[in-house]
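Thanks for sharing this one. Here are my notes, in numbered points, to read alongside the structure.

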Amino acid sequence: MDAKFPEVVMPKCPAIQLLKGQKAMVTGANSGIGRAVAVALGHAGADVIVNYVVNREEAEEVCEEIRHCGSSAKAILADVADEQQVQDMFREAIDTFATIDILVNNAGIQRDAPFDEMTLDQWRKVIDVNLTGQFLCAREAIREFKRRGVNQEVSCSAGKIICMSSVHELVPWAGHVNYAASKGGVMLMMKSIAQEVAPYRIRVNSIGPGAIRTPINRSAWETKEAYDKLMELVPYKRIGEPEDIARAAVWLASDEADYINGTTLFIDGGMTLYPGFTENG
Ligand code: NAD
């Protein structure tokens, strides 16, 4: 291996249970980033609602991984773009765990097309899941956080929301206009909710992943050619793993991150540093 790009050594997951006693919900938690986040929240001591819309078996596997380290977990089927299903999911979650302290708004999709070939259905589907879905879940979470208020034995905050955004809340993306528009929308939705509910001691932030190895972007890392091309965009010269996002989500949801509100934390190996300027500017 090139000395400039040393072998990757992944850090270990945190041993300290930063989220002991907290109740969390992660949407789209049967796969990729959501799966890693749900497991990491569980390992950090939180009981976790594992939302899924397809693949119940995967969601049950995630629950098993969470239970393995002593936390409770329950898989709940709901399409985050459907108001009734989201409300039913929150009711079931609160019946199960008595409350919710942490929402990770993770579910997301891509439906890519050149702009002049993009159908209204492709546009609507992405906005419905990526933006409206985050709105519907955040609204139910805020209702619960405001109803309950701060329980100091659990956390110094009345509740935390983490929106899974993307570097594409900032970076335009040709051929993915619906996706970039949805994540740009998530950015100002997140900041506006944060501004509105901060006086209730509710924190709302986003994580902006760069290129993370999950099924959503398989074509960008599956072959050596694709991976090498992707690395032109990543100064840190490795693809991100779902656990890179999961460790940060645990910290951002914990009281260690109290006073962080209305911010996007980019976790992207430097993708938002305009790497094209490294040798051309
Ligand atoms: P993924 O495809 O593995 O996971 C997406 C999850 O969302 C799946 O579990 C899927 O079933 C679920 N989902 C889709 N529609 C849903 C719906 N209507 N209701 C409930 N769940 C639904 O991909 P991922 O990479 O893990 O993506 C997770 C999030 O991270 C997405 O919001 C995505 O936009 C974001 N993201 C990913 C990357 C990356 O490089 N992988 C980069 C930036 C942002």
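1. A word on terms before the sheet: two strands count as paired if DSSP finds at least two bridges between them. In this predicted model, strand E6 (residues 202-209) pairs with E7 in the parallel sense over 4 bridges. Within that stretch of the note, one position to look up is Ser206, which stands opposite Thr264 in E7.

2. Now the sheet as a whole. It is open and made of 7 strands, in the order E3-E2-E1-E4-E5-E6-E7, with parallel pairing. Strand E3 (73-77) and strand E7 (264-267) each have a single partner strand and stand at the edges, so one side of each is left without a neighbour in the sheet. On average, neighbouring strands are turned by 20° against each other, direction ignored.

3. Two helices on the sheet deserve a look. H1 lies across E1, strand E2 (47-52), strand E4 (102-105), strand E5 (159-164) and E6, and runs at about 170° to E1. Helix H4 (residues 120-148) also packs on the sheet, where it touches E4, E5 and E6; its direction makes about 170° with that of E5.

4. How do H1 and H7 lie relative to each other? The axes of helix H1 (residues 32-43) and helix H7 (residues 242-253) come within 8 Å and cross at roughly 45°, and the two helices are therefore oblique to each other. Their crossing is right-handed. H1 contributes Gly32, Ile33, Ala36, Val37, Ala40 and Leu41 to the contact, and H7 contributes Pro242, Glu243, Ile245, Ala246, Ala249 and Val250. By residue class, this contact has 10 nonpolar, 1 polar and 1 charged.

5. H1 also meets H2. The axes of H1 and helix H2 (residues 56-68) come within 8 Å and cross at roughly 25°; with angles under 35 degrees counting as roughly parallel, H1 and H2 are therefore roughly parallel to each other. This crossing, too, is right-handed. Arg35, Ala38, Val39, Gly42 and His43 in H1 meet Glu58, Glu61, Val62, Glu65 and Ile66 in H2. The residues here divide into 4 nonpolar, 2 polar and 4 charged.

6. Finally, a single residue: is Gln22 buried or exposed? Gln22 sits in the segment before strand E1 (23-26). Its relative accessible area is 1%, so Gln22 is buried. Leaving aside residues up to four places away in sequence, Gln22 touches Gly45, Ala46, Asp47, Asp101, Ile102, Val154, Ser155 and Lys160.

Technical notes. Residues numbered from 1 in each chain as written. Predicted model: local features only at pLDDT ≥ 70, side-chain atom pairs only at ≥ 80, totals over all residues. Heavy atoms only, no water. Axes fitted to C-alpha atoms, helices over the stretch in contact; angles between N-to-C directions. Parallel < 35°, antiparallel > 145°, perpendicular 65-115°, else oblique. Left-handed = near helix turned anticlockwise from the far one by under 90°. Contact = heavy atoms within 4.5 Å. Nonpolar A, V, L, I, M, F, W, Y, C, P; charged D, E, K, R; others polar. Buried < 20%, exposed > 50% of the residue type's maximum accessible area, 1.4 Å probe, protein only.
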